[in-house]
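Here is a protein for us to explore together, one question at a time. Take a moment to look at its sequence and its 3D structure before reading on.

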Amino acid sequence: MNKRVKIFALSAAVLVAGVIGTSAVSTNVSADSNKKISSERAQQLALTAVQGKVTSVDLEHDDGITYYDFDIVKNKQEYDVHIDAYTGKTLKVKLDDDKKTVQQQKQTNTNTTTNNTASKEMITAKEAATVAANHVKGKVQSTEKDTDDGIHLYEVELTTNRGEVEVDVDAYSGKILSVDYDDNDNDDDHDDDDDDDDQD
């Protein structure tokens with residue numbers, strides 16, 4: 001009787017162990033299917049899609065999908081590559097026109113500085129005088145080159161029907177920087193009126 005009990009207990013133990021073992025296997029399979037791949041593995045996959053230099057990586061979640069977002073620079077252009085964080089599938093490869101590499105930004109800054117100075121020729125005093133005369137409708141009396149706070153300009157003095165005026169013109173762009181009328185404008189106006197009365 002005792003021997004039968006022991007055999008039954010042993011059989012039950014084996015059965016339970018088998019169930020537990022089966023559950024463990026099932027659990028492990030399920031866990032593996034839900035495990036994210038490493039960023040290193042994702043980077044390898046991203047570089048397979050675009051062979052370049054990785055400048056940044058972020059783990060993103062959008063519309064129920066978790067993915068690694070890589071910025072990869074190739075031939076001075078930046079690409080946006082999305083790798084599924086679980087399957088390793090390449091979800092997106094796009095040339096990002098809105099982003100610039102550091103090298104491109106430096107080049108842009110250099111070009112801007114160059115365009116503002118060396119790449120542009122300074123306009124002549126005559127051209128500056130013409131710009132000023134057209135702006136205030138006056139007659140040029142003198143034109144002098146000057147520098148104010150690092151800005152190269154021409155100071156053009158003119159006479160108009162409102163009196164004397166000084167116009168500052170940017171020496172490179174030809175843009176009007178300032179217009180300064182003489183304080184005696186009103187006196188000049190009165191003088192004109194008196195002359196008219198005498199003529200009458």
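Accessible areas here come from the Shrake-Rupley method with a 1.4 Å probe, and for residues only the protein chains shown count as cover. This is a predicted model, in which local features need pLDDT of at least 70 and side-chain atom pairs count only at pLDDT 80 or more, while totals for chains, interfaces and linings use all residues. Residues are numbered from 1 along each chain as its sequence is written, and side-chain values use heavy atoms, with hydrogens and water left out.

Q: What share of the exposed area of the protein chain do carbon and sulfur atoms supply?
A: The protein chain exposes about 14,400 Å². The part of this area that comes from carbon and sulfur atoms is 48%.

Q: What percentage of the residues of the protein chain count as buried?
A: Buried means under 20% relative accessible area, exposed means over 50%, and partly exposed is in between (1.4 Å probe, protein chains only). The protein chain has 200 residues. The buried ones make up 22%.

Q: Which pattern do the helices and strands follow along the sequence?
A: Helices (H or I, at least four residues) and strands (E, at least two) are DSSP runs, numbered from the N terminus. The protein chain has 5 helices and 8 strands. Read along the sequence, they give α-α-β-β-β-β-α-α-β-β-β-β-α.

Q: In which order do the strands of the sheet with S1 come?
A: Two strands pair if DSSP finds at least two bridges between them. This open sheet has 4 strands, paired antiparallel, and its edge strands are strand S1 (53–62) and S4, each pairing on one side only. The order is S1-S2-S3-S4.

Q: Which helix lies across S1, S2, S3 and S4?
A: Axes are lines fitted to C-alpha atoms, for helices over the stretch in contact (heavy atoms within 4.5 Å), and angles run from 0 to 180 degrees between N-to-C directions. The helix asked for covers residues 39–49 and runs at about 55° to strand S2 (65–74). That is helix H2.

Q: Which residue in the turn between S3 and S4 has a positive phi?
A: S3 and S4 pair in the antiparallel sense over 5 bridges. They form a hairpin with 5 residues between them. The residue in the turn, with a phi of about 80°, is Gly-88.

Q: Which residue forms a salt bridge with Asp-80?
A: A salt bridge is a side-chain nitrogen of Lys or Arg within 4 Å of a carboxyl oxygen of Asp or Glu, and the structure holds 1 of them. Asp-80 lies in strand S3 (residues 77–84) and its partner in strand S4 (residues 90–95), so the pair ties together parts that are 12 residues apart in sequence. The closest N and O atoms are 3.8 Å apart, and the partner is Lys-92.

Q: Is Asp-80 buried or exposed?
A: Within the salt bridge, Lys-92 is partly exposed, with a relative accessible area of 30%. Asp-80 has a relative accessibility of 10%, so Asp-80 counts as buried.

Q: Which strands stand at the edges of the sheet with the order S5-S6-S7-S8?
A: This sheet is open, with 4 strands and antiparallel pairing. Each edge strand has a single partner strand, so one side of each is left without a neighbour in the sheet. The edge strands are strand S5 (139–148) and strand S8 (176–181).

Q: Which residue in S6 stands opposite Lys-145?
A: S5 and strand S6 (residues 151–160) run antiparallel and are joined by 9 bridges. The residue opposite Lys-145 is Tyr-154.

Q: Which element supplies the largest share of the largest nonpolar core?
A: A nonpolar core is a set of buried Ala, Val, Leu, Ile, Met, Phe, Trp, Tyr and Cys residues joined through side-chain atoms within 4.5 Å. The largest one has 13 residues, and among those touching the most other members are Ala-132, Tyr-154 and Val-167. H4, S6 and S7 each supply at least two residues of this core. The largest share, 5 residues, comes from H4.

Q: At what angle to S6 does helix H4 run?
A: Helix H4 (residues 125–136) lies across S5, S6, strand S7 (163–170) and S8. Its angle to S6 is about 50°.
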